[in-house]
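Opening my notebook on this one. I wanted to look at how the parts of the chain meet, and then check the cysteines.

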Amino acid sequence: MKRNLLCMTAPVREDFDIPCHEIGPKSPHPAIALVGGLHGDEINGVFILSRLADFLTNVEAGVYKELRLNKRVLIIPAVNVLGVNLRTRTWPFDKSDINRMFPGSTIGETTQRIAYAVLEATRRAEYRIDIHTAGVDFEEVPQVRLYGPSESERETARLFALPAIMERSLSPVFTTTLMSSWKVWPGESFMLRVGQAGTVQLDHCQRVFRALVSFLGRCGVLEGVKLSVDDEEICCFDKASAHRIYAEKAGTFVSDRQVGRWVRAGQELGYIYDSFNGNVIEKVVSPVAGLLSGIRRHPLLFEGDLLLRVNKKK
Ligand SMILES: [Zn+2]
């Protein structure tokens, strides 16, 4: 069922709404809440969640005879609805970042009211999932991000069966994020980071779609999911495991590597060309053996720009 999470009026345009899906048996609180598009240019998450809503709506309608939805699922595919329309990360009217507005308020600015409505709808869920991407210049491997996790969250994170789980401490500075606001409530909170902003990367989206369906199956929300036996290893990485490679020279950076591959120490991962003469001015090699978890996708470089990130196995 589609309903509006929040309806807002604007001075000289039509009213606008933030829609959400509520699917599965009625209950006072959803078992799982999924949020995407807090940043309007992060389209992978919006695409994944709209597809998931379509899939679960069909499950509920009995289209897949073997599947049954046992618990309530709340999906907000695009919190920053206007940003998605205008392809902007921030809220278009005042350029504010909705993910710096939590816990929000009922009487504040528009973005504070949006934050409040999102938190109200999601905070009592047993499992809460917020989907983001890296920026428009950088691509990240689909991963589960944990912030100051409990042992139980560490265990649950494996149910997504995504290859990388990245652990971070909860930032003492950015306390106004959705994640920080969720963490004070009972229940478990996860961020998924998927690819690059500004585009739909179908491979990543399909992979995360499957991860979410497996997750729903494993935590008992969706019955009848055929779970594949995982041959792929799930690796946990802390912040110290990340090795970053920066551009030593300006130029044009090109790499045909894919995120999510294991690389060797000294392996060539890309080249910096002189943007005018076209000759290779730097071979970019991995400093360590590990998982190639991020690659710069914008070719034009200044000295010091981040090129690659490789996470070393513990
Ligand atoms: Zn984001």
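Polar contacts first: in this predicted model, I found five residue pairs in polar contact across the interface of domain 1 and domain 2, both residues of each pair at pLDDT 80 or more. On the domain 1 side, β7 (138-147) and β8 (164-168) each supply at least two residues that touch domain 2. β7 gives the most to that side, with five residues.

Next I looked up the salt bridges. Two of them cross the interface of domain 1 and domain 2. I also noted a salt bridge between E139 and R297, where the closest N and O atoms are 2.7 Å apart.

Then I stepped back to the domains themselves. Domain 1 covers 2-223 and domain 2 covers 242-311. I counted ten residues from domain 1 and 14 residues from domain 2 in the contact. The C-alpha centres of the two domains lie 31 Å apart.

How much area do domain 1 and domain 2 bury between them? I got about 990 Å², with 59% of it on carbon and sulfur atoms. In domain 1, the residues that lose the most area to domain 2 are D137, F138 and E139, together 54% of what that side buries.

Last entry, the cysteines. My disulfide count came to zero. C235 is in no disulfide, and the nearest cysteine sulfur, that of C236, is 7.4 Å away. Why no bond for C236? Because its sulfur is 7.4 Å from the closest cysteine sulfur, in C235, which is too far. I also checked accessibility: C235 is buried at 6% relative accessible area, whereas C236 is partly exposed at 34%.

Key
Residues numbered from 1 in each chain as written. Predicted model: local features only at pLDDT ≥ 70, side-chain atom pairs only at ≥ 80, totals over all residues. Heavy atoms only, no water. Disulfide = S-S within 2.5 Å. Buried < 20%, exposed > 50% of the residue type's maximum accessible area, 1.4 Å probe, protein only. Domains from an automatic or database assignment. Contact = heavy atoms within 4.5 Å. Buried area = accessible area lost by both parts, 1.4 Å probe. Salt bridge = Lys/Arg side-chain N within 4 Å of Asp/Glu carboxyl O. Polar contact = N/O pair within 3.5 Å; in protein donor to acceptor, adjacent residues only side chain to side chain. Helix = DSSP H or I, 4+ residues; strand = E, 2+ residues; numbered from the N terminus.
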